[in-house]
Amino acid sequence: MTGQRSDARRNYQRILAVAEAEVAAHGAEASLEQIARTAGVGSATVRRHFPTRRSLLEAVFHERVEGLCERAHRLSAIEDGRTALLEWLHALVLYAVSARGFADTLSYEPPAEEPSPHSCGNRISAAGTPLLERAIRDKAVAPHVTFHDLLTLAVGIALATEHHKDPETQANRLFRLAVEGLSPEHGIAEVSENS
C-alpha cells in the first residue's frame with residue numbers, strides 16, 4: 001500500500017511538472033494526452049489525479065494564486081484603500097498576462113456552475129473582495145462595482161494582450177486606461193441606449 005501511495009505521489013508530481021511546462025508553452029488548451037506521454041503515464045492516470053482540465057489548471061496555478069492571496073492580505077494593512085486595491089489588481093493583471101492559461105482559468109465558471117470553494121477564482125475573490133469593499137467604504141471606488149467586474153476586467157486585459165508583441169507593456173497601458181478612464185477631466189457623459 002505504501003509503495004502505491006509513493007508511486008501515486010511521484011506520478012502526481014511528475015504530471016504536475018509536465019503540465020506546468022505544457023501550459024506555459026500552449027496555454028489552457030495544452031493536450032492532456034501529451035502531458036500523459038511526456039510524464040510517462042497513461043491518460044487514465046492523469047484523469048485519476050485531475051478529473052477535469054480545470055482541476056489540472058487549478059493545480060498548475062495554485063502557488064501563484066496563493067501568492068496573490070498573501071499579497072492582498074499584506075496590502076490590507078496599507079492606509080489608502082484605493083492604492084491597496086489598485087496595486088493588487090495590477091499584480092493580478094500582470095500575473096494573468098505572464099502565465100499563459102491563467103486568464104482562461106479565471107475566465108470564470110459560468111454562474112450556473114457551482115465552482116469549488118478552493119477554485120482559483122473563489123480564492124482570488126476571497127482575497128480581493130475585502131480590498132474592494134474597503135475602497136468602496138473610502139469612497140475611492142463607485143459603490144456599484146463588484147469583484148466580478150474587476151476580475152472580468154483583469155481577464156479581459158490579459159486575453160486581449162496575450163498575443164501582442166509586448167503583452168506586459170500593452171496590459172499596463174490598458175490597465176492605466178481602465179483606472180484613469182477615457183477622459184477623466186470630463187466625467188462620464190450619458191450614453192444613449194441605442195448607440
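Student: With which side chain does the side chain of Thr45 make a polar contact?

Tutor: Generally, a polar contact is a pair of N or O atoms within 3.5 Å; within protein, one must be able to donate a hydrogen and the other to accept it, and residues adjacent in sequence count only if both atoms are side-chain atoms. Here the Thr45 side chain pairs with that of Arg48, at 3.2 Å. This is a predicted model, in which local features need pLDDT of at least 70 and side-chain atom pairs count only at pLDDT 80 or more, while totals for chains, interfaces and linings use all residues. Residues are numbered from 1 along each chain as its sequence is written, and side-chain values use heavy atoms, with hydrogens and water left out.

Student: Is Thr45 buried or exposed?

Tutor: Buried means under 20% relative accessible area, exposed over 50%, and partly exposed in between (1.4 Å probe, protein chains only). Thr45 has 14%, so Thr45 is buried. Of the protein's 195 residues, 37% count as buried.

Student: Which residues does Thr45 touch, not counting those up to four places away in sequence?

Tutor: Contact means heavy atoms within 4.5 Å. With that, Thr45 touches Asn11 and Ile15.

Student: Where is Thr45 found?

Tutor: Helices (H or I, at least four residues) and strands (E, at least two) are DSSP runs, numbered from the N terminus. Thr45 lies in helix H3, residues 43-49. The protein as a whole has nine helices and zero strands.
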